[in-house]
Amino acid sequence: MTLDPIKLNDGRKVIRIPSIAFGTGSALRGRDAVEYVVQAIYAGFSHIDTAQAYQNESSTGAALKETGIARNDVWITTKFYYLGPSGLNVRDALVESLNRMSLEYVDLYLIHSPPPNIPETWGEMEMTLKEGLTKSIGVSNFNVEQLELLMMDASVVPAVNQILFNPYQLGEMLPVLQYCKEHGIVVEAYGPLTSITKAPDGPVDAPVKKAADRLKATPGQVLLLWVRQKGCVIVTTSSKAERLEEYLGIAELGPLTDEEMRAIDEAGLKGAPRSLLQFIKTPRSTLKWIRVLLMVFAFSFLSYSTFMRQYGSGLIKDVLSIIPSIAFGTGSALYGQDVVEYVVQAIHAGFSHIDTAQAYKNESSTGVALKETGIARNDIWITTKFHFLRVGATNVRDDLVQSLNKMGLEYVDLYLIHTPPPDIPKIWSEMEMTLKEGLTKSIGVSNFNVEQLELLMINAKITPAVNQIRFNPYQLREMLPVLLYCKKHGIVIEAYGPLGSITKAPNGPVDAPVEKAADRLKATPAQVLLLWIRQKGCVIVTTSSKTKRLEECMGVAELGPLTDEEMQAIDDAGLKGAPRSVMWSIGQVMMTFASVGLTYSTFTRKYGNGLFADALAIFTWIFMLFALVRTVLLTISIEPAL
């Protein structure tokens with residue numbers, strides 16, 4: 001089967017992406033990749049897939065230089081990873097990537113993982129395309145709902161969606177494959193060999209071996225053929241030259257027959273085998289009764305633990321924790337600030353749950369505030385988060401020890417992965433070790449979508465206790481699959497940005513039903529939104545620098561619940577989507593003009609002469625200043641009257 005390039009959808013002159021790529025992630029993440037990229041190019045790879053998160057773009061660039069390969073003869077993909085308010089924006093991150101690799105452009109720039117604000121991030125991606133910093137743009141790890149959200153306001157359809165894909169992901173990824181096919185989006189498949197490397201002795205092995213025998217090929221080659229015949233670009237990796245030659249060798253093999261493809265499909269749909277720890281060898285009936293008994297025991301234990309926490313004392317009540325349902329967050333507008341005053345104020349207002357993070361750069365002052373209030377350790381719940389791309393990050397355990405030292409604590413109540421890392425299973429196993437060591441009482445995740453949760457759960461020994469996500473009525477459509485998945489698996493949802501629908505998107509469809517409910521309850525619109533969050537079963541994570549606002553937040557405990565009709569009305573309004581503000585529209589026009597003007601000015605300065613170029617440059621920078629002011633204005637309106 002030939003490895004012909006695949007045509008992309010972006011309308012440029014017959015742009016075709018090489019159908020097999022060498023990836024610098026996985027085992028190469030954070031390593032010097034020069035040797036391996038050089039080896040891959042010499043083996044015949046003409047497509048190198050890297051990412052900002054892999055932390056090896058510099059060595060990838062060094063390898064390109066060492067091989068002497070012409071720029072037109074190699075396809076370079078890199079990916080933008082959203083790091084929150086503290087991180088670089090889409091354009092600046094790409095410029096840094098280009099500088100690290102000594103390139104003028106990349107061939108493909110992807111959003112590595114779905115960010116909280118998909119339409120805004122995609123708008124920035126489109127700007128990098130217009131500016132010529134990349135030849136094509138796309139996404140990675142997006143499900144159908146996230147693709148639909150992106151497409152609502154997109155001017156450019158994503159050229160690519162890169163996903164984890166192998167026979168055991170077929171059932172889960174069928175809707176994504178179908179959607180991408182309908183919209184001309186090329187699917188790139190990473191982890192194509194997972195069904196034999198991470199889930200051996202499963203249903204897929206037999207049909208793969210049978211096809212391998214017929215073709216006189218290896219099982220790995222059969223799986224790569226299966227991926228290609230599904231119409232996907234292959235993204236794979238190896239540190240061994242013979243493996244790379246094996247992968248490229250599929251070009252010399254005949255295709256799989258329809259029967260072989262169907263047999264592998266059917267085997268994959270049966271699902272990956274469970275590990276020994278998950279009772280793979282246990283008969284179904286026995287396993288069923290074991291599960292029933294475990295559930296009965298867990299329910300009884302939880303009920304008794306709750307009773308003892310309320311009325312008794314001793315060892316049992318400390319084993320299981322009940323998370324306070326509203327938290328004071330030290331991120332957002334408090335990022336990087338001395339938060340002693342604000343945390344003390346929150347605790348005095350009645351908050352018993354403080355949510356901080358390594359990336360917020362204020363754990364030390366959070367610890368000072370705890371000491372200043374004199375609150376007993378058992379009376380306060382502390383959450384912090386691990387961010388793998390934070391400046392100075394080491395590993396999960398060591399970073400937690402640093403956090404504990406900064407806050408003067410022996411343990412935290414909850415430790416979260418702040419944002420999905422490239423190697424989710426590995427990071428989660430490290431999280432599990434911190435729990436076993438007693439450095440944290442519970443572990444969880446933040447900003448994970450369904451696919452990322454499922455990837456985590458494949459080899460997880462401990463189910464995440466929490467998934468913290470941005471959530472308000474306008475996020476309902478996007479987050480509904482996450483809510484359903486978490487409910488099914490007993491994962492508590494924490495909602496940050498709960499007031500976003502009135503602070504960042506005022507005068508929208510949600511306002512009317514919220515105000516109507518507020519009038520009935522004699523409450524504020526913010527209190528109604530917090531009630532809506534709580535009645536969705538979520539923990540609230542909010543913040544304010546004003547005591548009055550904190551008391552207002554805590555006051556929801558005194559209010560009656562929203563009626564079913566009120567909940568439904570807010571749901572329906574949220575599903576209509578957030579309004580676009582005039583500021584947003586003007587800002588987009590300004591940013592577009594600024595980008596075009598700056599490009600033209602640069603051209604004139606380089607090739608033209610004098611006064612006109614200077615005048616145009618000044619005019620351009622004035623417009624960029626307006627765009628910056630717009631960004632600041634939007635950024636500071638985070639919660640009411642912060």
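Trainee: Why is Lys181 called exposed?

Mentor: Its relative accessibility is 68%. The labels have fixed cut-offs: buried is under 20% relative accessible area, exposed is over 50%, and partly exposed is in between, with a 1.4 Å probe and protein chains only. Lys181 therefore counts as exposed, at 68%. Before we go on, remember that this is a predicted model, where local features need pLDDT of at least 70, side-chain atom pairs count only at pLDDT 80 or more, and totals for chains, interfaces and linings use all residues. Residues are numbered from 1 along each chain as its sequence is written, and side-chain values use heavy atoms, with hydrogens and water left out.

Trainee: Thanks! Where in the structure is Lys181 found?

Mentor: In helix α6. Helices here are DSSP runs of H or I with at least four residues, strands are runs of E with at least two, and both are numbered from the N terminus. Across space, the C-alpha of Lys181 is 9.2 Å from that of Gly231, although the two are 50 residues apart in sequence.

Trainee: How do you know what span to expect for α6?

Mentor: The expected span is 1.5 Å times one less than the number of residues. Helix α6 covers residues 170-182, which is 13 residues, and the expectation is 18 Å. From first C-alpha to last, α6 reaches 17 Å, close to that value. Helix α19 (residues 476-488) gives 17 Å against 18 Å too, with 13 residues. After α6 comes Gly184, with a positive phi near 70 degrees, and after α19 comes Gly490, with a positive phi near 70 degrees as well.

Trainee: Which residues of these two helices are buried?

Mentor: In α6 they are Leu170, Met173, Val176, Leu177, Tyr179 and Cys180. In α19 they include Leu476, Glu478, Met479 and Tyr485. The cover over the buried residues of α6 includes α5 (144-151), β8 (160-164), β9 (186-190), α9 (219-229), α11 (258-269) and α18 (450-457).

Trainee: What makes β6 and β7 a pair?

Mentor: Two strands pair if DSSP finds at least two bridges between them. Strand β6 (residues 108-111) and strand β7 (residues 137-140) have three bridges, in the parallel sense. Leu110 is partnered by Gly138 of β7, and Ile111 by Val139. Both strands belong to a closed barrel of eight, β3-β4-β5-β6-β7-β8-β9-β10, with parallel pairing.

Trainee: What makes you say that both faces of β7 are covered?

Mentor: Ile137 and Val139 on one side, and Gly138 and Ser140 on the other, are all buried.

Trainee: Why is Ile540 called buried?

Mentor: Ile540 has 1% relative accessibility, so it counts as buried. Its place is in strand β18 (residues 539-542). Leaving aside neighbours within four places in sequence, Ile540 is in contact (heavy atoms within 4.5 Å) with residues including Ser325, Ile326, Ala327, Ala495 and Leu530. The C-alpha atoms of Ile540 and Tyr496 are 6.6 Å apart, with their positions 44 residues apart along the chain.

Trainee: What makes a group of residues a nonpolar core?

Mentor: The members are buried Ala, Val, Leu, Ile, Met, Phe, Trp, Tyr and Cys residues joined through side-chain atoms within 4.5 Å. The largest such core has 80 residues, and Phe328, Phe471 and Leu562 have the most contacts inside it. Apart from it lies another core of 75 residues, including Tyr179, Val222, Leu224 and Ala267.

Trainee: What is notable about phi at Lys216 and Asn447?

Mentor: Most residues other than glycine have a negative phi. Lys216, not a glycine, has a positive phi of about 55 degrees, and Asn447, also a residue other than glycine, has one near 65 degrees. Lys216 is found in the loop between α8 (205-215) and α9, while Asn447 lies in the loop between β15 (443-446) and α18.

Trainee: Why do Lys216 and Asn447 get their accessibility labels?

Mentor: Lys216 has a relative accessible area of 78%, so it is exposed. Asn447 has 21%, so it is partly exposed.

Trainee: How many helices and strands does the whole protein have, and what share of its residues is buried?

Mentor: There are 26 helices and 18 strands, and 50% of the 642 residues count as buried.
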